[in-house]
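The following account leads through the structure shown below, from a single residue to the chain as a whole and then to its sheets, cores and domains.

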Amino acid sequence: MNSPSIEAVNLSKRYGSFPALSNLNLKIEGSKCVGFLGPNGAGKTTTLKIFTDMIRASEGRALINGIEVHPNKKKALESAGALIESPEIYPSLTPREALSMVAELRGLPKGERRKTIEDAVAEVKMEEWLDKKVGKFSKGMKQRINIAAALLSDPEVVLLDEPTTGLDPRGMAEVRDIVKSLKKRNRLIFMSSHLLNEVQDICDEVAMIDHGKLLVYDTLSNVTTRFSKDSGNVIEIEFLRDIDYQSVNKNIASLANVNSAERIDSRRVRIKFSGGAPIQERLLSDIVTMKIGMISFHSPTSALEDTYLNLIKDTL
Ligand SMILES: Nc1ncnc2c1ncn2[C@@H]1O[C@H](COP(=O)(O)OP(=O)(O)OP(=O)(O)O)[C@@H](O)[C@H]1O
Ligand SMILES: [Mg+2]
């Protein structure tokens, strides 16, 4: 079996004269999960819509498993499933009924529909709810049914646009678990998200986009080591009461190995320093000794967040 792939070749999209996507070149190949990150308006949904032929590119090509989507929609999308702009499922339908309609619309062979639906619902761990009305479901459960709809043809390529947005923490966790489990079947998952911790948790690779341009595409570990080096180590410390920032800054910034101390809010400071764990230990004990009311500390930003902010800042 060939490994699944998606590829954008010089892909551009203009809305009037506004360039929503500019010359995107991106080839993703293999069974893995790739996070698609970028700020609001970066062009993520636009890209995913071009890959599913919901909109047409102004220039360039989008390919799924080597087949160009626009001129060969049916063939290209045979091996793809997508969830874009989560549709509302009619509350009085059961998952079986709702998915039967989707299966019919997609032209799945009648004799296979029952099994296909049951398999897809099992993949999102909703078997027990197959014949219960969707109206009673939590948002997370509804979203799992939406994902089941994307899985109806057991696709090799799964495209998800912010699958956890709008869900409560439990719903998010449920959907993340499902997305993680999708990786098992030789699938390529390409998922947009605003949540860096989510991408860090689920994905193997990350593509970042801003203003319609690709900033980077690489493995999670390469991206974080390549781009967050210069910021060194970071800790955030929290104070019992509002701090006199001037004096705190003066005290902390003058400690050895500290590169900067920035105010986050009235009770929190972010410290950047060079060196490893022994330096961090000394730094924290020095701050405690100052008796300036430090009550806690933690490593605030994930390496990915650091990278993201560095890259996005450069394009503002
Ligand atoms: N139908 C449209 N007509 C005009 N402009 C549009 C249209 N759809 C999107 N845009 C613009 O194109 C740009 C990219 O939008 P897109 O929805 O792809 O961003 P996104 O990365 O998905 O953002 P978000 O994180 O907010 O979902 C935005 O500036 C948006 O306003
Ligand atoms: Mg979007």
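Leaving aside its neighbours within four places in sequence, which residues is Asn249 in contact with? In this predicted model, the residues that Asn249 touches under that condition are Ser254 and Ala261. Asn249 belongs to helix α9, which covers residues 245-253. Its relative accessibility is 23%; because a residue counts as buried under 20% and as exposed over 50%, Asn249 is classed as partly exposed. A second residue gives a sense of distance: Val124 is separated from Asn249 by 125 residues in sequence and by 50 Å in space, C-alpha to C-alpha.

The chain as a whole may be considered next. It contains 11 helices and 14 strands, and its C-alpha trace spans about 75 × 45 × 40 Å along the principal axes. Of the 316 residues, 47% are buried. Among contacts with a separation of 6 or more, 69% are between residues 24 or more positions apart. The chain is divided into domain 1, residues 5-220, and domain 2, residues 229-313.

Two sheets are described here. One of them is an open sheet of four strands, ordered β2-β1-β4-β5, with antiparallel pairing. Its edges are formed by β2 (18-29) and β5 (67-68), each of which pairs on one side only. Strand β1, residues 5-15, is joined to β2 by eight bridges, and the two run antiparallel. Within β2, Glu29 is the residue opposite Ser5. Helix α1, residues 44-51, lies across β1, β2 and β4 (59-64), and runs at about 115 degrees to β1.

The other sheet is also open and has six strands, in the order β6-β7-β8-β3-β9-β10, with mixed pairing. Why do β6 and β10 each have one side without a neighbour in the sheet? Strands β6 (80-83) and β10 (213-219) stand at the edges, and each has a single partner strand, so one side of each remains without a neighbour in the sheet. From one strand to the next, the twist averages 15 degrees. Helix α1 lies across strands of this sheet as well, namely β3 (32-37), β7 (157-161), β8 (188-193) and β9, and runs at about 145 degrees to β7.

Strand β3 shows how the mixed pairing is built. It pairs with β8 in the parallel sense over six bridges, and the bridge partner of Phe36 in β8 is Ser192. Strand β3 also pairs with β9 in the parallel sense, over four bridges, with Leu37 opposite Met208 in β9. The antiparallel sense appears between β9 (residues 205-210) and β10, which pair over six bridges; there Val206 stands opposite Asp218 in β10.

Are the residues of β3 buried or exposed? Six of its six residues are buried. In a regular strand, side chains alternate between the two faces of the sheet. In β3 both faces are covered: Lys32, Val34 and Phe36 are buried on one side, and Cys33, Gly35 and Leu37 are buried on the other.

Leu37 and Met208 also lead to the nonpolar interior. The largest nonpolar core has 47 residues, and those with the most contacts inside it are Leu37, Leu99, Ile147, Ile189, Val206, Met208 and Leu304. This core draws at least three residues from each of domain 1 and domain 2. Ile147 touches Leu83, Val124, Val175, Ile178 and Leu182, not counting residues up to four places away in sequence. Apart from this core lies another, of 27 residues, among them Ile64, Leu77, Ile84 and Val157.

The last topic is the relation between the domains. The C-alpha centres of domain 1 and domain 2 lie 39 Å apart, and the contact takes 13 residues from domain 1 and seven residues from domain 2. The size of an interface is often given as the accessible area lost when the parts come together. Here domain 1 and domain 2 bury about 810 Å² between them, with 79% of it on carbon and sulfur atoms. On the domain 1 side, Leu196, Gln200 and Met208 lose the most area to domain 2, together 55% of what that side buries. Met208 thus recurs in this account: opposite Leu37 in the pairing of β3 with β9, among the residues with the most contacts in the largest nonpolar core, and among those of domain 1 that lose the most area to domain 2.

Terms used. Residues are numbered from 1 along each chain as its sequence is written. Chains are lettered from A and ligands numbered from 1 in the order in which they are written. This is a predicted model: local features need pLDDT of at least 70, side-chain atom pairs count only at pLDDT 80 or more; totals for chains, interfaces and linings use all residues. Side-chain values use heavy atoms; hydrogens and water are left out. A nonpolar core is a set of buried Ala, Val, Leu, Ile, Met, Phe, Trp, Tyr and Cys residues joined through side-chain atoms within 4.5 Å. Buried means under 20% relative accessible area, exposed over 50%, partly exposed in between (1.4 Å probe, protein chains only). Domain bounds come from an automatic or database domain assignment. Contact means heavy atoms within 4.5 Å. Two strands pair if DSSP finds at least two bridges between them. Axes are lines fitted to C-alpha atoms, for helices over the stretch in contact, and angles run from 0 to 180 degrees between N-to-C directions. Buried area is the accessible area (1.4 Å probe) that two parts lose on being put together, summed over both.
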